[in-house]
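Biologist: Before we begin, I should like each term to be justified as we meet it. Please set every value against its definition and then conclude.

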Amino acid sequence: MTEPKNTPIWRTFLTPGWVLALVFAVAFSWFAITWLSPWQLGKDHDIQERNERIEKAFEGEAVDVDKLLDASADDEWTRVTMSGHYLPDQELILRLRPVEGAPAFQSLVPFQLDSGEVILVNRGWVPADDGGTAVPEISAAPSEPVTLTGMIRLSDTSAMDPLEEQGYTMVQTINTQQASSLTGVDMAAPYAQLLADQPGVLNSIPLPVLDRGNHLSYGLQWIAFGIMAPAGLAYFIYSEVRERRRYAAEQQEMAALASSEAASAPSGEPSPASAAPARARYGRTRSNPWAAKSDEERF
């Protein structure tokens, strides 16, 4: 009888299937831990900071806007007061910015402060007409001097090409640098978002809901998935090694038994080891001397 080959176990894992499984597990783990998880945890951190700034803004007194014309990210959502007058002839319309899921247009009007500086003011929104494509009648901002209360907001970093439609200059982002270029009026970098019941306000933009959402749990889940992928592969490798060792030991026992049977068989008679196949693994068979015996001889 031919002795079973003693192939090193490590060569089993050089097959394309195992190599691809390893590459996939490592790539998925890296992507989950270094990109997906920080992305969700970063969003949770940003939302938490935003909520804290909004809460703080309503706990104290509003700040004079002149102090925040160079606002940074830490200053966003701070309540500010400003005295001056609108420049209603320089109005811009923000399009494609739904409010509470409904098509809307927002009015952006420069506001000249008593100090001479100009800041862009978001007066709020009006619902769109004709399925969200037509600008409804928008009441003009007052031209007389007023005092406003709003929240300081940072300008969008991107800007898309403006449109001239329906008698308005329309933009798709609130980019104060673009607004300055379109109106010919130099403006401060941030802009102000009006609160309710202020002179010239339309429908005030709703404040964000102070809820952190599920970003923290999503971030932790991606870390868990990143750990589980290589751990699962390691378990499959362990199971494969254990099964192959068990199978090799079984074949060695059968080979030893076959040799013993061959030595004790009468001269000229075929060895029972060649009479029947052994239990197959992965579709292959080996000689099984037990299969050639009768029930009385087996037990």
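Modeller: In this predicted model, the span of residues 219-238 is 100% helix and 0% strand, with its end C-alpha atoms 29 Å apart. Helices (H or I, at least four residues) and strands (E, at least two) are DSSP runs, numbered from the N terminus.

Biologist: Why is this span called a "transmembrane region"?

Modeller: The name comes from UniProt, in an unreviewed entry, which places that feature at residues 12-33 and 219-238. UniProt positions are given in the numbering used here, feature names are shortened, and annotations may be inferred rather than shown by experiment. The end C-alpha atoms of residues 12-33 also lie 29 Å apart, and that span is 82% helix and 0% strand.

Biologist: How are residues numbered, and which parts of the model are used?

Modeller: Numbering starts from 1 along each chain as its sequence is written. Local features need pLDDT of at least 70 and side-chain atom pairs count only at pLDDT 80 or more, while totals for chains, interfaces and linings use all residues; side-chain values use heavy atoms, with hydrogens and water left out.

Biologist: What makes the reach of helix α1 close to the expected span?

Modeller: The expected span is 1.5 Å times one less than the number of residues. Helix α1 (residues 16-59) has 44 residues, so 64 Å is expected, and its first and last C-alpha atoms are 63 Å apart.

Biologist: How do you know that α1 bends at Ala32?

Modeller: A bend is the angle between axes fitted to the seven residues ending at a residue and the seven starting there. At Ala32 the bend is about 40°.

Biologist: Why is the contact of Glu76 with Arg153 called a salt bridge?

Modeller: The term requires a side-chain nitrogen of Lys or Arg within 4 Å of a carboxyl oxygen of Asp or Glu. The closest N and O atoms of Glu76 and Arg153 are 3.0 Å apart, so the pair qualifies. Glu76 lies in the loop between β1 and β2 and Arg153 in strand β6, so the pair ties together parts 77 residues apart in sequence.

Biologist: What makes Glu76 buried or exposed?

Modeller: Buried means under 20% relative accessible area, exposed over 50%, and partly exposed in between (1.4 Å probe, protein chains only). Glu76 has 13% relative accessibility and therefore counts as buried. Arg153, at 16%, is likewise buried.

Biologist: How many salt bridges does the structure hold?

Modeller: There are 7. Among them, Asp156 and Arg97 meet at 3.3 Å, N to O. Asp156 has a relative accessible area of 23%, so Asp156 is partly exposed, and Arg97, at 27%, is also partly exposed.
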